[in-house]
Amino acid sequence: MRRTAGKPTPLVDGIEKVTGRARYTADLDGPETLVGRILRSPHAHAEIVAIDVSAAARYPGVKAVVTGADCDKTYGVLPIAMNEYPLARERVRYRGEPVAAIAAVDAAAAETALALIRVEYRVLPAVFTAAEARAPGAPPLHSDRPDNIVREVHHVFGDVDAGFAAAEFVREKRFHCAEVNHAQMEPHAARASWDEERQRLSFWSVTQVPYYVHLMLARCLDLEMGQIRVVKPFVGGGFGARTETLNFEIITALLARAARGTVRMELTREETFLTHRGRPETEIRLKLGLARDGRITAVDCEVVQRGGAYSGYGIVTILYAGSLLHGIYAIPAVKYDGYRVYTNTPPCGAMRGHGTVDVRHAFECLLDEMAEELGLDPFEVRRVNLHAPPLTTANGIIVNSCGLGECLDKVEKASLWRERKGRLPRGRGLGIAASHYVSGAAKPVHWTGEPHAVVNLKLDFDGGITILTGAADIGQGSSTMLVQTVAEVLGLDMRRLRVVANDSDVTPKDNGSYSSRVTFMVGNAAIDAANRLKEALVAAAAKKLDARPDEIECGEVFRIPGGQHPGLPYEEIVAAALAGGGTITVRGTFTVPAEYQGGKHRGGAVGSTMGFSYAAQVVEVAVDEDTGTVKVEKVWVAHDCGFAINPLAVEGQVQGSVWMGMGQALFEETRYEKGLPMHASLLEYRVPTIADSPPIEVHIVESLDPNGPFGAKEAGEGSLSGFLPAVANAIADAIGVRFGTLPITPDKILEALARRQRLARIAAATAAATT
């Protein structure tokens, strides 16, 4: 019986957060800290002819001014696609791109001096949509991509033509999903301190990936890795916005070195929107073939993403969109064509549910529509296509566990689907959708040959165990998961453990919090470390109890089960283990085996994982046909997380995923007018509020993945992509209209209803004239 793993547990850092004692990056201040400010381009596309910073540099209180001339290194998250400078050199490619930056004694001096910088531009033609960027004669944004295509992908698995020929029913439809932003509560911030005597940089930031920031700081400042210390304080939300090094981070470090001091950079909400890295605007053409019983015979999918001005995560995102067509249903034949396109808009990147959300929306909507036309139950259509693990998908991904069938069962029963579907009043509807996501990318972005995750444990004279980890807790509860995991293996009370995280001077390297990798990978590393510490403690106990190590039960009391000896307290065993050698430090590691790292085709590593999570949800809506407003009445969601190490955190993560999906489905959209953001505050960018939030009933499904820590898989992203199609299908059930665009806003609903009324009048008039 488990002691701590599997028990609902408040987050170990929760007290600091709810009392206000938690210190975020913007809270870190000190004497003689300078204020950083960034000058941004007013043009979407222009050549930088000249920059004059002399007046700004002379302004009282200014300690440093930097421009693109101060950094000739590109940066980026992918080693093969680093084409962005922290400060523009020669050309700007989107409105708001950093051009120069100032460090001054206070904000007033920095902002006044910023206005003194003179930049001469030669404005160039710009493209703001993927269609414009791909059109003949479009201006190229980058010389190595004259067609403005960041990456195109063409994959075929199975006999697609034969699959469609065998289908009883084939449908093809287009979908458009608006670009969306993470809108995390904490605006971007960084703090950098340069030690001139030691030539050493200390750096604090809001990042999800401290190691990747470390890499890019070293690259862009021409420093050795050992000259840099990176610390991640508390983070007020990430959702993918901070899974790559961002320009303001490098700019802050450049300013600190130029000023030979400490610089704090706090971006405004508008600047945070401009830094962006959100989910790209996506056009999808999807064709599905179904047998008479609803079995999927073939898929043909084309995806075009507006990626913005620079590559960033673009190559990964467009590959994910195709790779994650697999893994959820048993599909014998898939054709995928993907195009990631440069445009003169802020760069897009990774966002919660990275790569899968828009395509899953299209897939589940079209599948639902086809089921309706065939007169098939939408639950049964999904059930007939379920995976039966263990198996390997057509694109080479191993699936060892799948609880989607149980997820479907739970939400069908909880929502009273069979009793209520088709029997609700006018304007009320129910919708169903399924989704999945990876439990960590199987192959790291920066391949070094090192383990994918490392956790160190330190046991000292006080009996306390310190968990040293580079894993970034960004609110998802990973530090709590580590405490529970180590406590479970050792059989100890959680109060004996503490976590020290994200300080490169102290903690081991970790690749960061992205693609839901931490529980699976870092959790396994923690179990490995805990077992190594357990061996040392058990050896000491065996010696004291004159027994074999395999006879010892580890815990607050070390004893021999069934033996006559009452056992020895933990403190006594610790003293014995430390005798002669002192402090014990052990290391645990985890590396994804090669067979799980994807197919052999080009791009096959993207989408590979050791375990998929699965989710199903039913959404109930009420649509007001007079105003077009949609009220989400209730959501029933079941999530297969393998094993819930912390059910309390799992429930919160699933609710957060649903809530974020609701924003994209019904409210959120980034818009640009000739490259100028029209949404750069939380007044214009509409996110759901508590008034919009429905009751979300969460059901946890535990399929016990054989490779996960205690069987666990991811819990923080897989439920997001299912909400969008579930609510769209519910709206269709409520008013009889299906929408191919997101978000589904009141104006679109009213237009659709008006169009239906016009068509009905025309049909009636035609019928009357005929008779």
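Helices and strands are here runs assigned by DSSP, with at least four residues for a helix and at least two for a strand, numbered from the N terminus. With that naming in hand, Pro743 can be placed in the loop between β30 (741-742) and α19. The peptide bond that leads from Leu742 into Pro743 is cis, with omega near 0 degrees. The structure is a predicted model, and a tour of it can begin with the whole chain before returning to such local details.

The chain holds 19 helices and 30 strands. A compact globule of 771 residues would have a radius of gyration near 28 Å, and the value for the chain, 28 Å, agrees with this. Along its principal axes, the C-alpha trace spans about 105 × 80 × 50 Å. Of the 771 residues, 62% count as buried, where buried means under 20% relative accessible area. Contacts between distant parts of the sequence are plentiful: among contacts with a separation of 6 or more, 80% come from residues 24 or more positions apart. The chain exposes about 28800 Å², and carbon and sulfur atoms supply 51% of that area. As for charge, there are 83 positive and 92 negative charges, and their mean positions are 1 Å apart.

Two helices show what being enclosed looks like. In helix α9 (residues 314-323), 10 of the 10 residues are buried, so the helix is largely enclosed by the rest of the structure. Its buried residues include Gly314, Ile315, Tyr320 and Ser323. What do the buried residues of α9 pack against? Their partners are the strands β7 (149-157), β14 (296-308), β15 (334-342) and β18 (428-438), together with helix α10 (357-374).

Helix α18 (residues 720-735) tells a related story, since 15 of its 16 residues are buried and it is therefore largely enclosed by the rest of the structure. From its first C-alpha to its last, α18 reaches 24 Å, close to the 22 Å expected at 1.5 Å a residue. Just after α18 comes Gly736, which takes a positive phi of about 75 degrees.

Further along the chain, helix α19 (residues 746-770) contains Leu750. Is Leu750 buried or exposed? Its relative accessible area is 32%, which makes Leu750 partly exposed. Leaving aside residues up to four places away in sequence, Leu750 touches Glu625, Asp626, Thr627 and Gly628. The C-alpha atoms of Leu750 and Val621 are separated by 16 Å, while the two residues lie 129 residues apart along the chain.

The backbone has some further details to look for in the loops. Besides the bond before Pro743, the peptide bond from Pro389 to Pro390 is cis, with omega near 5 degrees. Pro390 lies in the loop between α11 (378-383) and β16 (391-392).

Positive phi values also appear in residues that are not glycine. Asp222, in the loop between α6 (210-221) and β11 (228-231), has a positive phi of about 55 degrees. With 55% relative accessibility, Asp222 counts as exposed, the cut-off for that class being over 50%. Phe239 is found in the loop between β11 and α7 (247-259), and its phi is near 60 degrees, again a positive value in a residue other than glycine. Phe239 has a relative accessible area of 30%, so this residue is partly exposed.

Conventions
Residues are numbered from 1 along each chain as its sequence is written. This is a predicted model: local features need pLDDT of at least 70, side-chain atom pairs count only at pLDDT 80 or more; totals for chains, interfaces and linings use all residues. Side-chain values use heavy atoms; hydrogens and water are left out. The radius of gyration is taken over C-alpha atoms; the globule rule is 2.2 Å times the number of residues to the power 0.38. Buried means under 20% relative accessible area, exposed over 50%, partly exposed in between (1.4 Å probe, protein chains only). Contact means heavy atoms within 4.5 Å. Accessible areas come from the Shrake-Rupley method with a 1.4 Å probe; for residues, only the protein chains shown count as cover. Lys and Arg count as positive and Asp and Glu as negative; His and the chain ends are not counted. The place of a charge is taken as NZ of Lys, CZ of Arg, CG of Asp or CD of Glu. The expected span of a helix is 1.5 Å times one less than its number of residues.
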